[in-house]
Amino acid sequence: MPSTLVPRTTEKNRRSLTVAIVGNPNTGKSTLFNALSGGAALTGNYPGCTVEKKLGRMRCKDCEVTLIDLPGTYSLSPRSLDEMVTVDVLLGRQPDVGHPDAVVCIVDASNIERNLYLVSQVLDIGLPTILVLNMTDVAEFRGLRINATALSRKLSLPVLETQAHRKRGIDELRKAIVAVTTDELPRPLEGVGSGEGRPSLGIDCEPRSETPAPHPLTPSPPAGARGNLFPAAFDSETELLRSRLSAWGETDFPPFLVRRLLLDTGGYLETAFGQQSHGVHLDAARHEELLAHLRDARQRLADAGCKVPAVEARVRYAWVREMLDGVVTKPATRPVTFSDKLDRVLTHRVSGLVIFAALMFVVFQALYSWAAYLQSYCEAGQGWVSGQVAAAISPGPLRSLLIDGVIAGVGGVLVFLPQIVILFLFIALLEDCGYMARAAFLMDKLMTKVGLSGKSFVPLMSSFACAIPGVMATRVIENRRDRMTTILVAPLMSCSARQPVYALMIGCFIPATTFAGDWINLQGLTLFGMTSLGALVAVPIAWLFRKTLFRGEPPPFVMELPTYKWPSPRIVLQRVYWQARAFVTRAGTLILAVTVLVWAASFFPANHADVYDLQRRLSEIELRSDLTDEARSELAAPLLDEQARVSAALLERSWLGQAGHLIEPAVRPLGWDWKIGVGVLASFPAREVIVGTLGTIYSLGGTDDPEDSALRSALQDATWPDGRKVYNVPVALSVMVFFALCAQCASTLMVIRRETGNWGWPAFTFAYMTALAYAGAWIAYRVAMAFA
Amino acid sequence: MSSTLDTLPVGGRGRVVEIMGDDAVAVRLMEMGLTEGEDIAFLGAAPLGDPLEFEVRGYRLLLRASEARRVQIQTAD
């Protein structure tokens, strides 16, 4: 014990520790993280990449532990910046999280052999490590027996058994985390050099006497129990490379990374050295020299019989076999479990696809109609609040700001919550039970046709209801290029907010002709065409992005098919809650701000005195109890007409209206007049706003019902100054095509910003979709005019 | 007999000889436990014919046919 130990009774300072949790995908890592942290987590992105940063707190008697939930990975061999984040966090090189004091390595006990590969790499980092055997129940079910005590002895590591989804073994793990960072518990070879990151032993977190019974925590001889796995030839090459780097001034490059630089052919480090990033500063000539050195070194290694990269898998798996020898007993033949039998049906050539289609239909139906049901409550609530505000505040700019800016903005955020909650309920359920991997397996062939993988299917399909949960759902795609492509094309899918526009335009201008013996209706056909347009256009666009912006070999599909398990309601609900919360707090505030800005653009700089006066006179009529309802509406009717006329004039004179006139030359080639221009401008924050804006601009007062007959006849009667009709079939088609392809949804753009951690991507999405929409609308107008 | 992993019949078994190449796919295949001398069995293909499902080191592994083609195997007959 260090002499500086302060007696517990007077100890006030709480020691703070940082612990990283790593593991393969599907090992129950997040479940374990939630169990340790009590569910509360801080989430965000690591700077410059799409990796989610997830931090949690774990309190124990004398210390405060920050838990870092690292993304599930099969290895620590970084091929991209995203994969480098995990390595950097473990090495204490990621500035926005602390240097970890320990690592918790979680392993799927039923698949221990493959999982120990990652453990073998983690041990090379040299931090105090705890091995957690999770899902021991599944392992037992498979007839696999693991002697944890023997494994602990062989690995010289604390080994604990847990069933995270049942919260079993969590308290023991908490104690072990504290113990491993304070006691001289065994630690692997190859310490972290100068000792940075070693916990200060000044204050003992828990007296030894209170340390839990050292079941598998039995301290064994410290450091050195694990020798070097690699052949001598490899070590001398590592040393050579290290001295070369030191000669260039890269003296504090961690040994772990020197080794990775040698092992990872075409890996992230090779390129990072050339990009002057990642704390290394080699100029172009030196970088060439480095690459040449690596080529030669790898050639020498190949000649010496340890070919890179094969040597790594060979030595590590040999080590794994050695560690498991005598520790694991397994049945001679792998027993056929319920999970396997279930898969015979769920991935079957016919029944697999039928069940998948049925499942997707249910998800889609839920997003489309159940959400609509909940959304109507949101809207009713919004209407009620607006009514209360209107009653409490006299007409004026403040009332207008509150009702048309703030309340409309808050409503515009909340209205997406039902879809987000419903989609994530399904996704969390399907992922937690293991079906999502099957969905990717079933749909992969189809999605490879556009250069994506099976994992993009569910996010894109969900985007047909709403791109916001769809974009959020792309988190299941680990590969950055695939994920970015999916995010960028997701807003092209025809979401439910486009329906009112289609309903209005088709209802007004597309004749209800039927053909093929009344089987096909032209209106229905147009609706179908508009709904499919975005998805059809997304195919070449996704292909183009994969060939230009996100060029590169397709990522390996290679993945494990996890065992089915019952989803845990707690995990599922927690996940839904955090998604909803993240949307409201991060994207919600921005959506609100945009709504208020657009309100201001349509409100100023006009003089609203006449409208306030009319509003005052209308509310006086409302309050007259001496009149019958009919008499009241008779009195109000001329005032309402007047108000609609004045509002239309005010909108025309507002900044928004002026902008509409300003862009008229730009929209004329699409067959539009300035009124459509204003409608389109006003609906950039939310496309469904077009119906209401057209209502205002045609002096009809507020309406947002596409079936509104007054609005329909106003559109049908609208004329150019020379008396020609503004709207005809080509114009209706051009408006619909524009709406089908345009990124008129501030919420989606804000969510893209949140998911990519960068303003550039929403700006790009907006730009490319607007350009696409303009071109599409022009083509639709020209082609239709040629036939009209 | 020597062939590649994508040519195994359903239920067929083989032994890994070598992974061809040193790119991301090859490295991932090795990391997933396809090392020299390992036994591997083909369990079946997805309904649309790709990807393929294998059993190796006691777990079920999914690979695309294009990825399985990179794995040289030795079959019993």
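**Exercise 1. Which residues does T748(A) touch, not counting residues up to four places away in sequence?**

Solution. Some conventions come first: this is a predicted model, in which local features need pLDDT of at least 70 and side-chain atom pairs count only at pLDDT 80 or more, while totals for chains, interfaces and linings use all residues. Residues are numbered from 1 along each chain as its sequence is written, chains are lettered from A in the order in which they are written, and side-chain values use heavy atoms, with hydrogens and water left out.

Step 1. Place the residue: T748(A) sits in helix α31, residues 746–756 of chain A, where helices (H or I, at least four residues) and strands (E, at least two) are DSSP runs numbered from the N terminus.

Step 2. List its neighbours: with contact taken as heavy atoms within 4.5 Å, T748(A) touches A467(A), I468(A) and P491(A).

Step 3. Classify it: buried means under 20% relative accessible area, exposed over 50%, and partly exposed in between (1.4 Å probe, protein chains only), and T748(A) counts as buried because its relative accessibility is 6%.

**Exercise 2. Compare the span of helix α21 of chain A with its expected value, and describe its course and surroundings.**

Solution. Step 1. The expected span of a helix is 1.5 Å times one less than its number of residues, so the 26 residues of α21 (522–547) should span 38 Å, which agrees with the 37 Å between the end C-alpha atoms.

Step 2. The helix bends by about 35° at S532(A), the bend being the angle between axes fitted to the seven residues ending there and the seven starting there.

Step 3. Among the buried residues of α21(A) are T526(A), M530(A), S532(A) and F545(A), and what covers the buried residues of this helix includes α19 (480–489), α20 (499–509), α30 (729–741) and α32 (760–787) of chain A.

**Exercise 3. Explain how the salt bridges of E113(A) and R475(A) link parts of the structure.**

Solution. Step 1. A salt bridge is a side-chain nitrogen of Lys or Arg within 4 Å of a carboxyl oxygen of Asp or Glu, and the structure holds 43 of them over all chains.

Step 2. K330(A) and E113(A) form one at 3.5 Å, N to O; K330(A) lies in the loop between β9 (328–329) and α12 and E113(A) in helix α3, so the pair ties together parts that are 217 residues apart in sequence. K330(A) counts as exposed at 52% relative accessibility, whereas E113(A) is buried at 6%.

Step 3. R475(A) and E755(A) form another at 2.8 Å, N to O; R475(A) lies in the loop between α18 (467–472) and α19 and E755(A) in helix α31, so this pair ties together parts that are 280 residues apart in sequence. R475(A) is partly exposed at 22%, while E755(A) is buried at 1%.

Step 4. E113(A) also meets R57(B) in a salt bridge, at 2.6 Å, N to O.

**Exercise 4. Describe the interface of chain A and chain B.**

Solution. Step 1. In the contact count, 41 residues of chain A meet 32 residues of chain B.

Step 2. The area buried between the chains is about 3,400 Å², of which carbon and sulfur atoms give 59%; buried area is the accessible area (1.4 Å probe) that two parts lose on being put together, summed over both. R334(A), F441(A) and V558(A) supply 19% of the area that chain A buries against chain B, more than any other three residues.

Step 3. Across this interface the rule finds five salt bridges.
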